[in-house]
Amino acid sequence: MSASSLVAIEALDGDNTDRLQSEIDSLSVAGGGRLELLAGIHLCRGLRLHSGVDLHLAAGAILRPVPDYAAYAHTTVSVVAEKSDRGMIVANGARRISLTGEGRIEAGCDNFITGDDESVGTFIPAEFRPRVVVFEGCDEVEISSVTISRSPMWTLHFVDCTDLTVRNVTIENDRRLPNTDGIVLDACRGAVIEDCRISTADDGICLKTSIGPQGVAIGRCENILIRRCSVESLSCALKIGTETHGDVSNVLFEDCNVSASNRALGIFSRDGGRISNVRFSRIAVECRETPDGFWGSGEALTVNVIDRVAERPAGAIENLIVEDVTGRMEGAITVIAAAPSGIRNVSLARIAIDQQAGTLGTGRTYDLRPTNADLAPRADGGGRANAWTRGSDGRVIGLQNYPGGMPAVYVADVTGISMNEVRITRPAPLPQGWNENDVVFETATSDGSGAWQN
């Protein structure tokens, strides 16, 4: 983004919020420009970007937001996420805004950790945590080259934005702190995310359509391109859902690398919006088992439709292409329609994956969470309460046994699925609890039970 005016700020001791905000305001009023933070540490509370302003972090510059939720009372946002209504850097209704440069944002997650739950392997987060960046209703947005580390909660959250580019951004979050999603596109149109590197404890790049304060979808998500990104995620690396109140369409993920992740690729329909015309192409994956309370356990691809709320049936998933996927997994590929809206027209082509046995055995169940049981989660869930809801039998609700054991590919109640050159290499002999059939199709019978065939 070009800048018509330039204001350079040297690093100073102490809180520099008022000066930074004043310069942002002045640049916007004057028609736009660049506010450049020079090398050194810049301590501040919340900042609000306005139209025409490029907040530029020069090489060696460190923007260090104050690690206190109360410090962001003046930078609230309308879309609440995980109880958070605040961001460290926010914008609303702005046009031509950017966050650029070779510098860093050190977001201070350590100050939002209240304990360590060794039983589930995660830190216990504070009840209220700010997101790092939240832009709402903005147009012509660019974030490029910056590094963001140790986010307390979601890192980059874009809500109802258009003409959006995120390029060459590095996100380095604590892999034990829940809800630290990397990039969230929420009802955005016309977005490109490319050449980014993300390591986080939650979703890497996630597309969704949230519900607004008036109880309706804030918008639709469409015409999205994600390419040449490398993601490590302890949830789902490249994901659509689970909040899907509005439609999601015309999405392409290509030439990406997924490693050290619970799940690689995922689509989850829950809330009424239709998901259509999605393609995953040329993706390398490496997925491994995790304890049974975490989302997923080693699946290269997970696609499912479930009615989360009976009075708001989930929308259909239609026209999905998954092609040229290589790598390894400790779970299976699953495509499951567990709601009347269904899944239609799926193509799996040129997939070559090595399916290996994990050490935990949790990959031998498939995962239908979140379910309606998660609407009232346990209060002691360690920040992941909606992933740890257990039934009277002590099992996590939503984890299901594969019929006959874990196959390589499990498809249930899908209308129109083709498989071309799908090669899953499996160990011989097969481990205990694995299905002797590589591919299992299951369909509902007239009495409501299930029938399956290889």
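**Note on a pocket, strand E26 and threonine 200**

1. The second largest pocket holds about 160 Å³ of space, and the structure in which it is found is a predicted model. Its lining comprises 14 residues, and those that lie nearest the centre of the pocket are Gly121, Arg175, Leu234, Thr290 and Phe294. Sorted by class, the lining of this second largest pocket has six nonpolar residues, together with five charged and three polar ones.

2. Strand E26, residues 248-259, pairs with strand E23, residues 221-227, in the parallel sense over six bridges, and within E26 it is leucine 252 that serves as the bridge partner of leucine 225. Strand E24, which covers residues 230-233, also pairs with E26 in the parallel sense, here over three bridges, and glutamate 232 stands opposite serine 259 of E26.

3. A further pairing of E26 is with strand E28, residues 275-286, again in the parallel sense and over eight bridges. In E28, phenylalanine 280 is the bridge partner of phenylalanine 253.

4. Threonine 200 belongs to strand E21, which spans residues 197-200. With a relative accessible area of 0%, threonine 200 counts as buried, because that term applies to any value under 20%. Once neighbours within four places in sequence are left aside, threonine 200 is in contact with Asn173, Arg175, Thr180, Asp181, Gly182, Glu232, Ser233 and Leu234.

5. Two of the topics above can be read together: Arg175 and Leu234 are among the contacts of threonine 200, and Arg175 and Leu234 are also among the residues that lie nearest the centre of the second largest pocket. Glu232, likewise in contact with threonine 200, is the residue that stands opposite serine 259 in E26.

How values were computed
Residues are numbered from 1 along each chain as its sequence is written. This is a predicted model: local features need pLDDT of at least 70, side-chain atom pairs count only at pLDDT 80 or more; totals for chains, interfaces and linings use all residues. Side-chain values use heavy atoms; hydrogens and water are left out. On a 1 Å grid over the protein atoms alone, a cavity is a set of points where a 1.4 Å probe fits but cannot get out, and a pocket is an open set with protein on both sides within 12 Å along at least five of seven lines; lining residues have an atom within 4 Å of a point. Grid points are joined across faces, edges and corners, and a volume is the space filled by probe spheres set on the points. Ala, Val, Leu, Ile, Met, Phe, Trp, Tyr, Cys and Pro count as nonpolar, Asp, Glu, Lys and Arg as charged, and the others, Gly among them, as polar. Two strands pair if DSSP finds at least two bridges between them. Helices (H or I, at least four residues) and strands (E, at least two) are DSSP runs, numbered from the N terminus. Buried means under 20% relative accessible area, exposed over 50%, partly exposed in between (1.4 Å probe, protein chains only). Contact means heavy atoms within 4.5 Å.
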